[in-house]
Amino acid sequence: MTVYLLRRILQSLMVLLAMSVIVFVGVYAIGDPVEILISPDADQMERERAIAALGLDLPLWQQYLVFLQNALRGDLGRSFVFNEPALQLILNRMPATLELAFGAMFLSVLIGLPLGLYAGLKPDSVGSRVIMAGSILGFSLPTFWVGLMLIMVFAVQLGWLPSSGRGETVQILGLHWSFLTANGWMHLAMPAFNLALFKISLVIRLTRSGVREAMLMDYVKFARAKGLSPTRVTFVHVFKNILIPVVTVVGLELGSTIAFSVVTETVFAWPGMGKLIIDSINVLDRPVIVAYLMVIVLMFITINLIVDILYSVLDPRVRLESKA
Amino acid sequence: MSATNDTPLLELRGISRRFEKKLDFAGKIARFLGAPLREEVVHAVDDVTIGIRKGEVVGLVGESGCGKSTLGRIAAGIMPPSNGQVLWRGTDVTKLDGPASREARLRAQMIFQDPYASLNPRMRVEDIVGEAPLVHGMTTRAGFSAYVEEQMRRAGLDPAFKRRYPHQFSGGQRQRIGIARALAVKPEFIVCDEAVAALDVSIQAQILNLFMKLRSELDLTYLFISHDLSVVEHLSDRVVIMYLGRVVEQAPAEEIFARANHPYTVSLLNSVPRIEARKRAFTTVKGEIPSPLNPPTGCHFHPRCPHAMPRCSQEVPKLKEVAPGHFSACHLNS
Amino acid sequence: QNLNMAVGAPVTSLDPHYHQLSPNNAAAGMIFDRLINTDGDARMQPGLAESWRAIEPNVWEFRLRRGVTFHNGNPFTAEDVAFTFRRVPNVPNSPSSFAAFVRPITNVEVVDSHTLRITTQNPSPLLPQDMTNIFILDRETHENATTEQFNSGVAAIGTGPFRVVSHTMGDRIEFARNDSYFGTRPAWATVNYRMITNGGARTAALLSGDVDFIDQVPTPDLARVRGDRRLAVSEKVGLRLIFLGLDHMREDASPFVTDNNGQPIARNPLRDLRVRQALSIAIDRPAIANRVMEGSATPSAQFLPPGVFSHIPNFAPPAPDAARARALLAEAGFPEGFRITLHGPNNRYPNDGRIVQAVGQMWTRIGVRTTVEAQPWTTFVGRAGRQEFSAFLIGWGSNPEGSHPVRNILATANRDRGWGASNRGRYSNPEVDRRLEAALVEIDDARREVILQEAQRIALDDVGIIPIHIQTNIWAMRNTLQHEARADELTRAQDIRPR
Amino acid sequence: MSDTTAPAPVAAKEETPFRRFVSEFAANKVAVGGLLVFVTIALLAIFAPWIAPQNPYDLAQLDIMDGRLPPGEVGGSGITHWLGTDDQGRDMLSGIIYGLRISLIVGIGSAVIACLVGASLGLLAAYAGGRTDSFIMRLVDLQLSFPTILAALMILAFLGKGVLNVVIALVIVEWAYYARTVRGSALVERRREYIEAAQCLVLPTSRILFRHLFPNCLPPLIVIGTIQIARAIALEATLSFLGLGVPITEPSLGLLIANGFEYMLSGNYWISFYPGIALLVTIVSINLMGDHLRDVLNPRLKK
Amino acid sequence: MSTTLEVRNLRTHFFTRAGVVKAVDGVSFTVGRGQVLGLVGESGSGKTVTGFSIIGLVDPPGRVVEGEILFHGRNLATASEEELRHLRGNRIAMIFQDPMMTLNPVLRVDTQMIETVLAHEKVSREEARQRSRDALGMVGIPSPDERLKSYPHQFSGGMRQRVAIAIALLHRPELIIADEPTTALDVTIQGQILAEVQKLAATTGTSLIWITHDLSVVAGLADEIAVMYAGRVVEGGEVGAVLDAPFHPYTVGLIGSVPSRNRRGEPLRQIPGMTPSLLKLPAGCAFRSRCPRADEACLAMPDLLELRPGRRARCFHPHLEGAGA
Ligand SMILES: Nc1ncnc2c1ncn2[C@@H]1O[C@H](COP(=O)(O)OP(=O)(O)OP(=O)(O)O)[C@@H](O)[C@H]1O
Ligand SMILES: Nc1ncnc2c1ncn2[C@@H]1O[C@H](COP(=O)(O)OP(=O)(O)OP(=O)(O)O)[C@@H](O)[C@H]1O
Ligand SMILES: [Mg+2]
Ligand SMILES: [Mg+2]
Ligand code: NI
């Protein structure tokens, strides 16, 4: 464990370091933030002052070293735009994104699992054909398009749901959460569903193929030969087995959901990290971009680690081998 | 057929093979939490010495996981041993230079257990059979077709099928393709690793007959690995019994079936059902086969052995000649 | 009593001196006041100063309003103004500060608690104009206030019509009415000021009744909004000119101009007035204004719209005339035209990408085969600033005063004087520069206006830039509301009232 | 008694793995439907210049005065715009056909290149093992721990617009999937007995790698290949929607949709709707094929 | 002797896309109380499908198309699924070939055993656990209490197979269908299990259908034997009699090809050709193409006839010479 964790952490640090260099150079190459940030009628002197104030007059490698030095002290820089610590900004936005991502994951499991189970158990029925066709659609529809369509239909035409934004929030632990108010839920519904659409399809497919594979397994047939009721066979024997891949994949997908919330947040004006990064890229707010990517990569790494651990907890074969 | 030459065609001398199994993540957590875990080492083969003379058929018997296949692979030159030497006609194969080493490796071929997995599903029969001879210059592009056809015919396959793919054949036919493939590089020595285990009884007989026929026609030498004692008994000149990576007994075939010495061999022979024995009461060897990961100390068989003595759990018995050509590793003999 | 409004550009800071940006100024305009406010037509109106006058060419005296208090009850005095001027240039990390507005000031003299004398180095006719940009803070409250304290709302305390209740960065600001406001009492007890940057989402929010009021109505949605009886629209010709910049810098080959075979042309055709004229009259400005902008733009040949100080009367854009354009090109030695790449941003101005395409169509039609390249503002603006383009589309939001665009866009670039900072095509004309120099020290408004009109006319006759249109600022709201539209694009709750 | 065996059980005529695959594939009507649609789309894309009524990328052929004509109107140039025009007066039908072309170039191009790059690296990693393996796999980790869409955004912001740049960006973000897949299946295949047999026959390593190992790693590669094509097309559309991606004068389907969506509220639905349908049909057809391929090529369901 | 199971002319066909696979095509046999029937035959001859047909677990596209399965006189072929479910695991149990795959890897052994008890009897969980523990003890698993809490992968193959057997024994079934339960095991472990089973059959009076392709196992274990070829029973009768003097040429060949029946070093007797595909089985005797005795008569399908008392064979040219009349 210590060895493993150490290796994992070292690897993660390497990834973070590599990422920071790439991003730093990348953002530098994209453009000059001062040109974007500065008021157009600022004169040349004012520009120079701003450049110096932001530390952009140093050569890139020096800027990077300064960044690295500060980063080691936990300071990922201050946003050019907001003049607040970049990390702080991101953490402030994180609840919104997490809410969205978890909402989406929740929906995808809630909808995907039963549908996938049904499609796997009755592969030839009309219902499961419809489900599979639907899941293909879910796979194929570009997120942004669906988002726009959802707004068109449910907000503009029908007026059932608010078109965008986050709604009322409740403050807990100094962070704002919207899932505690009805209004917050209304706002969350569409973007979460939009983000979930792809995952629903994924879970359906995963579940279905898991079920189909499990149904061919001897142990399922043996369970039936023991005279168990079909319900028990399905919900204990089959279900427990497919839960392992589903949990693993869903866990791993959480990362990409958080990343993909960029699109959804843009469409639904959801004030999360994704929108922050898009806005930051638009104004080349380098500290925020770099910090965001650091945070995201760190999150990815952590999620992967947790999923690994979860996996070994769920699957007795992995878990107990080491104890035997 | 018995051997005439004194230097064995192939000699495995003090061969050991270890597989180190790295701990996985969960294992490391467990160890961190205090579980007594270490990097696991499997001694798949542990200090085995066998000499195989030209023209001899040596049967290698043992239960699952005892290292038969590993030994077979080492003999066929697919896998290097961790310790010990493989001598081909008396010379260490690792000391041979490029062409000679290739030559030596080509002379030893292997036929595998799984007739489905051992053929590349994406190649035609003619390519499976003819690829290596072509690469090694044993045939030319022009002579390719004839060469392949000859090999197929020899293995009992209709050459008309040469443009087919493996999936279009039955298990027995596939095994014949495997045999043709091995024969095509003109081997002298063939390792058959459970070569008939996956076949139906009626087909098994066909393949076994083919082996026997080829042996006499081509003067082949076999290392015949099997867990089926009756097959080994039928085919082999000499039988080697392995238990958990070690050779426990080694003797001419008649000798071993008539006068088994090692208690393991004895129980093995007793456990084998025989068609002659009707409504017999099956006897049991007590206990399970231990895991090769942590084999019992001393004589590996002692926990299951009806004659186990205190010494057996402490001291590894050495192979001793108990009768001419009959070796056994048991403390009962001393 | 409660107003839900949505704006298209995010407010990035509530520190009124941190980042000079319209959305920030709009929000600040709800919380704070300036010495001199501006009305919807961008004319100066008394704010915290009741009156001001130049008592010498380089000394201005301001008389401040009495009885004004900050949201926390502190009285407003001349000391606060002096403090504000001190703070403005010293906001840490400010990427685009307000320092330029106070830079001419050499001395601030507090005559009494409500009188102030400001001395500048040179005669400074523009000082009052500059004062319309500076929001006044409270010395006691803001002595050591950081940007973060403003953002969190703790320090966002001004004299303005609204108090900040809460601020979620990039999402919303909640305001409450300042009941002791010295000016007109706002109609709203509370205001929910949301930021919805996606245009479609903003319109959708209005259509779905999610919000009552939006700004920056995307032009494609205008038809729908106008056609909806539940909604109303308010609009005002703005101060932002969309124009094309041309490479005046290079005498030899310009990077994105080639002949019809793709070979570089040895001399830069854009230095030829006739070519520039041809390119200008090739453009069908009404078509762009009507089709692309859906009427939310006015074709223009100059920076400022009618009615604004230093607008040139009777200076209309040329009628589109492809035949004459071709003739001019032929005259200039390009009977077959040439090839050019027109660059532009695609996410900066309304329909920017569409406008460059339309211009591309029109130029192609007179034989100037145009490739259009629209890129995100981030990449675009840097390259434009490094003179990498031959022709590019860009916009300019002017102060209601001609010296502003002339000095920044048309004057010869000169770091020491601070001129031509945004002159990305490097147009240079000594005649223009001379007039600008005179105008900047001319205290007499009437005379200054004439000089500035001349300066502009010279540069524009010379086709230093190719103006296309002036944008119209558009807001949309429920038809139960009315809005006093503003030329300066600021979206503020105090301008909205129930109908 | 003879040793010659009877002819093989099944096998009517010469049945290659490819033929078998084709016949298994053909057994599913939906998948064949998907293939047909896809081929039609591909043909449309290939022959776009001859089919499309207009070259939508030639500014000279566009006139903003023809902008936003509803479907069926005749424009100033005399062309009937069956699917209407967009804001620039671009014939939507032509725009869609050309847009398909870009989408397919981007999708297939990036998938093929990423596949080549990824598969080679994956194979190398699996075969070489040790340091090479862990280095390549760390690269893969690095790539995969970076959200696709963000990576693509950054790369494009850096490279600038253009079809080629989109392809490059997609290759950079996608190769890791192929590498991981190939490595995974190569590690499995490497332990199969036919590889041992080839080693036993002392065949050259390169031969074992490319003639024996690689072809057998193909099925999963084909499956993820099709899925990645669809993904790449959708991703390009998304990138274009976010304002990066292809140039505005050469709109892909995604850009057409993004563009047209702004006109959705005012009722000019066709600008966004038809490209959306085209995109959907394309991706669905590819996914249908991929879906079925997955079943055909999945040995575990082939009991 | 009372009959536990009588199978009459069972036909189970698979309706695949490639055609109808007549996996079981006219199988008849009877199993008496406390008797062991050895069902032998080559791979694909329909042994497993026969077993599944009996307990009604043939999955689509397969279906029992004809025949009667009389379990204590009750026809299972027409029984409802609910009825069958109550029989399965209760009065008829089945043991599968691959011990590694028959137990659900993610469920603990006790779960898998207790659920079986509870599926058929209303007893408390504690009692069910008690029963499970006893069953484990019965098949010779040491310290069953601890073992109950384990997961299947913590057992070796032999032990898993014993767990499966224990599960089969939970309700003291009248019939156990054992589908090659020792094929995947090592000889010594197989020996242990066979001994275990023998002991059980002797003590409980349970009838057993032992499916295998290994004649030697049947020789030692069974009372009766039924030899299957291409979906049909080609020969049946008392084990000793059949093995000593087989009638059907296929049985003759099969026994002949067992190595221990041959002289060492000499070629084995072998059956030429290979097992036919069930998909396109020509009319008539399925063994015809491999049979040294085949002639025109074999173009018709021979019936399974009682050629001698207790000896049935399906052949026009049976090897009656060796057998006493
Ligand atoms: N590549 C490998 N890595 C790790 N362990 C291995 C490897 N190959 C074999 N082993 C281990 O070595 C031991 C001997 O394996 P081997 O395959 O030689 O046995 P075997 O006698 O052929 O068994 P079987 O009868 O099941 O084929 C086993 O415990 C096996 O798990
Ligand atoms: N689901 C199925 N679909 C189509 N054919 C099937 C199916 N299951 C079994 N069969 C066919 O039925 C025939 C009999 O199969 P069965 O499993 O009963 O053979 P077996 O005698 O048990 O063979 P083995 O010794 O290999 O277990 C085989 O030819 C097989 O191909
Ligand atoms: Mg082996
Ligand atoms: Mg079977
Ligand atoms: Ni013959």
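These are my notes on a few things I looked up in this predicted model.

**Chains**

I started with who touches whom. Of the 8 pairs of chains in touch, B and E share the most contacts. Then I checked chain C against two others. Chains B and C make no contact, and their closest C-alpha atoms sit 42 Å apart. Chains C and E don't touch either, with 47 Å between their nearest C-alpha atoms.

**A helix pair in chain A**

Next I looked at α5 (residues 86–121) and α8 (residues 182–216) of chain A. I got an angle of about 35° for their packing, with the axes 5 Å apart. The crossing of α5(A) and α8(A) is right-handed. I also sorted the residues of this contact by class: 22 are nonpolar, 6 polar and 4 charged.

**Ligand 2**

Which residues are closest to ligand 2? I found Ser43(E), Gly44(E), Lys47(E), Thr48(E) and Val49(E), out of 14 that surround the ligand. By class, I count 5 nonpolar, 6 polar and 3 charged residues in that shell.

I then went through some polar pairs, each with an oxygen atom of ligand 2. For Lys47(E), a polar side-chain atom is 2.8 Å away from such an oxygen. Gly46(E) has a polar backbone atom at 3.0 Å from a ligand oxygen, and for Ser45(E) a backbone N or O atom is at 3.2 Å. Ligand 2 on its own exposes 630 Å², of which the protein buries 66%.

Last, I asked which elements of chain E give two or more residues to the shell. They are β1 (3–16), β2 (19–32) and α1 (47–55), and α1(E) gives the most, with 3 residues.

Definitions and conventions:
Residues are numbered from 1 along each chain as its sequence is written. Chains are lettered from A and ligands numbered from 1 in the order in which they are written. This is a predicted model: local features need pLDDT of at least 70, side-chain atom pairs count only at pLDDT 80 or more; totals for chains, interfaces and linings use all residues. Side-chain values use heavy atoms; hydrogens and water are left out. Contact means heavy atoms within 4.5 Å. Axes are lines fitted to C-alpha atoms, for helices over the stretch in contact, and angles run from 0 to 180 degrees between N-to-C directions. Helices (H or I, at least four residues) and strands (E, at least two) are DSSP runs, numbered from the N terminus. A crossing is left-handed if the near helix is turned anticlockwise from the far one by less than a right angle, and right-handed if clockwise. Ala, Val, Leu, Ile, Met, Phe, Trp, Tyr, Cys and Pro count as nonpolar, Asp, Glu, Lys and Arg as charged, and the others, Gly among them, as polar. A residue is near a molecule or strand if one of its heavy atoms lies within 4 Å of it. A polar contact is a pair of N or O atoms within 3.5 Å; within protein, one must be able to donate a hydrogen and the other to accept it, and residues adjacent in sequence count only if both atoms are side-chain atoms. Accessible areas come from the Shrake-Rupley method with a 1.4 Å probe; for residues, only the protein chains shown count as cover.
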